[in-house]
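Me: I am new to this structure. Please take a close look at its salt bridges for me, and add a short word on one strand and its neighbours.

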Amino acid sequence: MKRTLTLLGLSLALAAAPLFAQKPMDQANEKAVHITQGPSITNITGNSATINWTTNSAGANRVQYRVAGSNSAWKSAYHSGGGTSHSLQLTGLEPGKTYEWQILTQDGDVRTAGQFQSASTANGTAPDVNASNASAASPAQGSDTTGNGAKVPLYRSSNSNGSLHLYTTNAGEQNSNGFHAEGNAGYILSSQTSGAVPLYRLSNASGDTVLTLDPNEKTNMQAHGYSDGGIVGYVESSAVSGTQPLYRMVNGNGSAHFFTTSASEHQQFLSQGWKDEGTAGYIWPQQ
């Protein structure tokens, strides 16, 4: 009798297990997940920070991060399982650095991204960052922040041997100063709307053009002989619905920069010895 009761109890436990098991997060489930609060970056010191966000349903707990604009390997923060309240610690930071981060789906797609500044000293602290409101990060993927902002082409031109490239929204500038038109790199906003940030353009006497979202980098490039070309337009600083990354690369000696939205072109340049510098924002493939 005791054996019969034991087997019965085991059978009931096995039957009940699927009822309490966590629902697997497949690709379809992950696409239905949206960030409802945050992300926020808190407890920022010179060597660590905590990223927090809330989702409408269970989603993956995955974040990758690195020094902004660098070609260093991404560091990862991960927690098994997937609930609706997420909090991960970003460790191994360097003081006084700007870090870029990406919240990923289980399949490795970017759900949203942004930047924050570590504290100036290892034991110091820095103000919390509410990425959902800060200019360094856009709202969660799937939202539309462009409003009625008009999109204009970001034209790309190259010099005679293809070693230098020019980026402009002025059609008349495409075929000037020895450059010839190569078509559109994508579309950017002609005026600032909610969530969009300025895309600065700088160039030097050799003809190299740099696009950046970072005012600090803009100042640094000017100190190294680059001229301020002003704001070429406005872009998203992290992935939102309908945008694609504008990849940024630099050649081996740092004398030329290249920007593209083509993943295959990005890989082609990397295979030729160019260095990955992350992204220069997110732009639109069409108007």
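Reply: What follows goes through the salt bridges and then turns to a strand. Keep in mind that this is a predicted model.

Start with the count. There are seven salt bridges in the structure. The background is simple: side chains of opposite charge can pair when their charged atoms come close.

Take arginine 201 and glutamate 173. Their side chains form a salt bridge, with 3.3 Å from N to O. This pair ties together distant parts of the chain, 28 residues apart. Arginine 201 lies in strand E14, residues 196-203. Glutamate 173 sits in the loop between strand E12 (165-168) and strand E13 (180-189). How enclosed is each partner? Buried means under 20% relative accessible area, so arginine 201, at 16%, is buried. Glutamate 173 has 21% relative accessibility, so this residue counts as partly exposed.

Now look at arginine 248. Its side chain meets that of glutamate 217 in a salt bridge, at 2.6 Å from N to O. Again the pair links distant parts of the chain. Arginine 248 belongs to strand E17, residues 244-250. Glutamate 217 belongs to helix H3, residues 215-223. The two residues are 31 apart along the chain. Both arginine 248 and glutamate 217 are buried.

Arginine 248 also forms a salt bridge with glutamate 277. Here the closest N and O atoms are 2.7 Å apart. This pair too links distant parts of the chain, from arginine 248 in strand E17 to glutamate 277 in strand E19 (residues 275-283). They are 29 residues apart. Glutamate 277 is buried, as is arginine 248. Elsewhere, Arg156, Glu182 and Glu265 are joined into one network by salt bridges that share partners.

Next, the strand. Strand E3 covers residues 48-55. Seven of its eight residues are buried, so strand E3 is largely enclosed by the rest of the structure. Which strands pair with E3? One partner is strand E1, residues 35-42. Five bridges join E1 to E3, and the two run antiparallel. Within this pairing, threonine 42 stands opposite threonine 50 of E3. Another partner is strand E6, residues 85-91. E3 and E6 are joined by seven bridges and also run antiparallel. There, threonine 54 has serine 85 in E6 as its bridge partner. One general point helps when viewing strands: in a regular strand the side chains alternate between the two faces of the sheet.

Key: Residues are numbered from 1 along each chain as its sequence is written. This is a predicted model: local features need pLDDT of at least 70, side-chain atom pairs count only at pLDDT 80 or more; totals for chains, interfaces and linings use all residues. Side-chain values use heavy atoms; hydrogens and water are left out. A salt bridge is a side-chain nitrogen of Lys or Arg within 4 Å of a carboxyl oxygen of Asp or Glu. Helices (H or I, at least four residues) and strands (E, at least two) are DSSP runs, numbered from the N terminus. Buried means under 20% relative accessible area, exposed over 50%, partly exposed in between (1.4 Å probe, protein chains only). Two strands pair if DSSP finds at least two bridges between them.
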